[in-house]
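Here is a set of exercises to work through with the model open beside you. Try each task on your own before you read its solution.

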Amino acid sequence: MSRFSVVLSGFERYENTGQNPSRLVVEALENRGISGLPEDISADLTTVLLPLSFEKAWSVLKETIDRAEPQIVIATGFKRNAGSISLERCALNRVEMPQSGVKTSDRRMPEGRTSNGIVADINPSENTAPIIESAPAAYWTGIPLHEILNSFAQNNIPATLSSDAGIYICNSLFFRLLDAASKNKNMTAGFVSLPQVVQDRSDRGGLPKECIISAIENVIATSADFYRRQDSAEGILRAE
């Protein structure tokens, strides 16, 4: 039996949002645990809800990671314009700077551009700055996106690959998380953006609650199974 420690994060709240999917999925899995794991894998799940704050979100997640010492960290957020699960491919070392007299929730995010799924230009402006001065321009996710997409397809979970988590709090958190993972050979991490919650699949512009929860369970199970099978995963697993 291979045993993983998993941290799952969501955000406490989003303004002008009915049901916050990232909070919903964290609370659901905290209450009922993770289903769908392979028979020879178990997971110790630690959940955390983060404040929607540049300054505090990462510090709260880091404290949780330091305490739980996870092998897998899955952060989730809410993407208002998504109609399906968005598996984030990369995090950019770019954050929007505060504008005088403009609240954080009112900031507009400069547009980014991608070419063949690879970040080509994040269109920096006077309102953007690096998240970490000494870090690379971007980090790629550590979770097996194509295996997850294949598993989603088998379970009828709509999803896309995304190369743009924006340059707002979600991207900032994702970048700091991947920067920490780059320095810890025992930890891998990813970010999943969730659509709004709708009543059933016939409603456009979102997914039902149970589908979103199943998607995150699937991300965790597929990631755990993938890394267990990798020769390069030595040190990631704790064997019982």
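## Getting started

Of the 240 residues in the chain, 51% are buried, where buried means under 20% relative accessible area, exposed over 50% and partly exposed in between, with a 1.4 Å probe and protein chains only. This is a predicted model, in which local features need pLDDT of at least 70 and side-chain atom pairs count only at pLDDT 80 or more, while totals for chains, interfaces and linings use all residues. Residues are numbered from 1 along each chain as its sequence is written, and side-chain values use heavy atoms, leaving out hydrogens and water.

## Exercise 1: The overall fold

**Task.** Find out how many helices and strands the chain has.

**Solution.** Begin with the elements: the chain has five helices and 15 strands. Both are DSSP runs numbered from the N terminus, with helices being H or I of at least four residues and strands being E of at least two. Next, turn to contacts, meaning heavy atoms within 4.5 Å. Among contacts with a separation of 6 or more, 79% join residues 24 or more positions apart.

## Exercise 2: Checking the length of two helices

**Task.** Compare the span of α1 with its expected value, then do the same for α5.

**Solution.** Start with the rule: the expected span is 1.5 Å times one less than the number of residues. Helix α1 covers residues 21-32, twelve in number, so it should span 16 Å, and its end C-alpha atoms are indeed 16 Å apart. Just after α1 comes Gly 33, with a positive phi of about 80°.

Now take α5, which has 20 residues: from first C-alpha to last it reaches 29 Å, close to the expected 28 Å. As 16 of those 20 residues are buried, α5 is largely enclosed by the rest of the structure.

## Exercise 3: How α1 packs

**Task.** Which residues of α1 are buried, and what do they pack against?

**Solution.** First, list the buried residues: Pro 21, Ser 22, Leu 24, Val 25, Val 26, Ala 28 and Leu 29. A helix fact helps in reading such a list: an α-helix has 3.6 residues a turn, so residues three or four places apart point the same way.

Second, look at the partners. The buried residues of α1 pack against β1 (2-11), β2 (41-50), β3, β12 (188-194), β13 (196-198) and α5 (209-228).

Third, focus on the two helices. The axes of α1 and α5 are 10 Å apart and meet at an angle of about 70°; axes are lines fitted to C-alpha atoms, for helices over the stretch in contact, and angles run from 0 to 180 degrees between N-to-C directions. The helices are therefore roughly perpendicular to each other, since 65 to 115 degrees carries that name, under 35 being roughly parallel, over 145 roughly antiparallel and the rest oblique. On the α1 side, the contact is made by Pro 21, Leu 24, Val 25, Ala 28, Leu 29 and Arg 32, and on the α5 side by Lys 209, Glu 210, Ile 212, Ile 213, Ile 216 and Glu 217.

## Exercise 4: Aromatic pairs

**Task.** How many aromatic pairs does a search of the whole structure find?

**Solution.** The search gives six. Rings of Phe, Tyr and Trp (its six-membered ring) pair if their centres lie within 6.5 Å; planes under 30 degrees apart count as stacked, over 60 as edge-to-face and the rest as tilted.

Now apply the rule. Tyr 14 and Phe 78 have ring centres 5.5 Å apart and planes at 75°, so this pair is edge-to-face. Tyr 14 sits in the loop between β1 and α1 and Phe 78 in strand β3, so the pair links distant parts of the chain, 64 residues apart. Tyr 14 is buried at 13% relative accessibility, and Phe 78 is buried at 10%.

## Exercise 5: Two neighbours in a loop

**Task.** Are Glu 69 and Pro 70 buried or exposed?

**Solution.** Locate them first: Glu 69 is in the loop between α2 (54-68) and β3 (72-78), and Pro 70 lies in the loop between α2 and β3. Glu 69 is exposed, at 59% relative accessibility, while Pro 70 is buried, at 3%. Glu 69 also has a positive phi, near 50°, though it is not a glycine. Leaving aside neighbours within four places in sequence, Pro 70 is in contact with Ser 5, Val 6, Val 7, Ile 65, Asn 186 and Met 187.
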